[in-house]
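Reader: I should like to learn how to read the helices of a model. Please take me through them.

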Amino acid sequence: MQHSNAMNRLNRLPLSRFHKMTLVAVSFAYFFEFADINSFSSTAPHLVKVWGVSVNQVAYVTSLSFVGMFLGSITAGWVADRWGRKKALTITTVCFGVFSFAAVFSWNLVSLGIFRVLTSAGLSAMTVVAVIYVNELYPAAVRGKYQAYAIVIGICGTPVTNLIASAVVPLNDWSWRLVYLWGALGMFYMLFARRLKESPRWYENKGDYARADAVLAEIEAEVSAEKGPLPEPAPPVEAAPRAKAPLRTLLQKKYLLPTALLAVLWITQTIGFFGYSSFAPTLLSKEGFSVGKSIFFVALTTVGAPLGSYLASLVTDRFERKWCLVGFGTVIAVCGLLYGLTFNPVLIVIFGFLVNLFERGYTALGYAYSPELFDTHGRSLGTGVSYGLGRLSNAAGPLIIAALFNHSGYQSVFLFIAGVWLLGALVLALFGPKTRQARLAPPQEQRPVGV
């Protein structure tokens, strides 16, 4: 049976300029994804003043944005399987940039909400494709580290955007629009796109061994020119080409269980983190802090985000990812609760810093862990559906938070968020499969799923 042996040929490559260039391109897309994802939360306190927006209206727009994220995640899996990982990454990145630019010209909350839903669809789709792309191009022994490195660079978009927002939003009645213009700069990803390679594992899964071999030969020639002769790859494990995975594929036992587990992971992460980040500026301003101060406090806390992704890069390939996720999730719950129990500005910044640090580490670990639970055939669909269900769940999250705030007060919001994080940590501890042994096993001993 014909086989291009993509997995083993990629796994034996030393790290080179090819890997670094890929990292830069993916990190650029991530930077503006993270820059744009909190744009509405950073402008919402000002819209309360200039448009008379209520907390409930903020909740509705935020909820609909997560419906957009769900649709984007599901669409991403289909696009990535049909047209390839590289082309899908380009389409989704340009998509969120275009709709963020459109948001600059919003004339009321309804129009802004529509543009945010479309932007959110692009943001979520881009994330799913990027996770799959990195998983399939980097050697198994270091793919978790490079997922985290991409997040380390990309997550800098969050504090940079929040600091920009804290400076420009209070200037006048229209300056909030500049935050969305900033997010639209993600369209410049096109400058990197032509330098990227399509995933040989995607070609191989389609049965297009000639193209898979051609791309692998290009990569190997580039790496060997820099690093010298390459070692021989391990022999391939023969496998027949697979047709595009329909949605019902996930009903098979080997896909259903990891999809359900990852849905819990991403549901608790989404409600837990975005419940915190989407509402923190608005809730602080409602508790008496000025719009400028509330946005600035949140901007300071997000400085911890890149450090959290870097922390994940140090532990992700060294320890079992499942237990790292459990530990990080528990710490987030504790720090998030302490954040909600204090009104001291210094403590708000400290505990918010720790929440962002460990949450971004958690996200980087989750991005590495999720695609490892599937084989190539089910990876795009399983990752997209589980991630999308997480985003869809937060259509209800903001409404719950708004109801808690209106009926039980500020601190009840953070009790709820802490409980969500603890639930996710408990489910992972009890049911999460381990992946480290499979990653590090010799190729002939590796399991067929998730490696």
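Reader: Is helix 2 enclosed or not, that is, how many of its 21 residues are buried?

Author: A residue is buried under 20% relative accessible area, exposed over 50% and partly exposed in between (1.4 Å probe, protein chains only). In helix 2, 18 of the 21 residues are buried, so the rest of the structure largely encloses this helix. The model is predicted: local features need pLDDT of at least 70, side-chain atom pairs count only at pLDDT 80 or more, and totals for chains, interfaces and linings use all residues. Numbering starts from 1 along each chain as its sequence is written, and side-chain values use heavy atoms, without hydrogens and water.

Reader: What span should helix 2 have?

Author: The expected span is 1.5 Å times one less than the number of residues. For helix 2 (residues 17-37) this gives 30 Å, and the end C-alpha atoms are 30 Å apart, which agrees. Helix 8 (residues 157-168) reaches 16 Å, close to the 16 Å expected; its buried residues include P159, N162 and V168.

Reader: How do helix 16 and helix 17 pack?

Author: Axes are lines fitted to C-alpha atoms over the stretch in contact, and angles run from 0 to 180 degrees between N-to-C directions. Helix 16 (residues 321-340) and helix 17 (residues 345-369) pack at about 155 degrees, with axes 8 Å apart. Angles over 145 degrees count as roughly antiparallel, and these two helices are therefore roughly antiparallel to each other.

Terms used. Helices (H or I, at least four residues) and strands (E, at least two) are DSSP runs, numbered from the N terminus. Angles under 35 degrees count as roughly parallel, over 145 as roughly antiparallel, 65 to 115 as roughly perpendicular and the rest as oblique.
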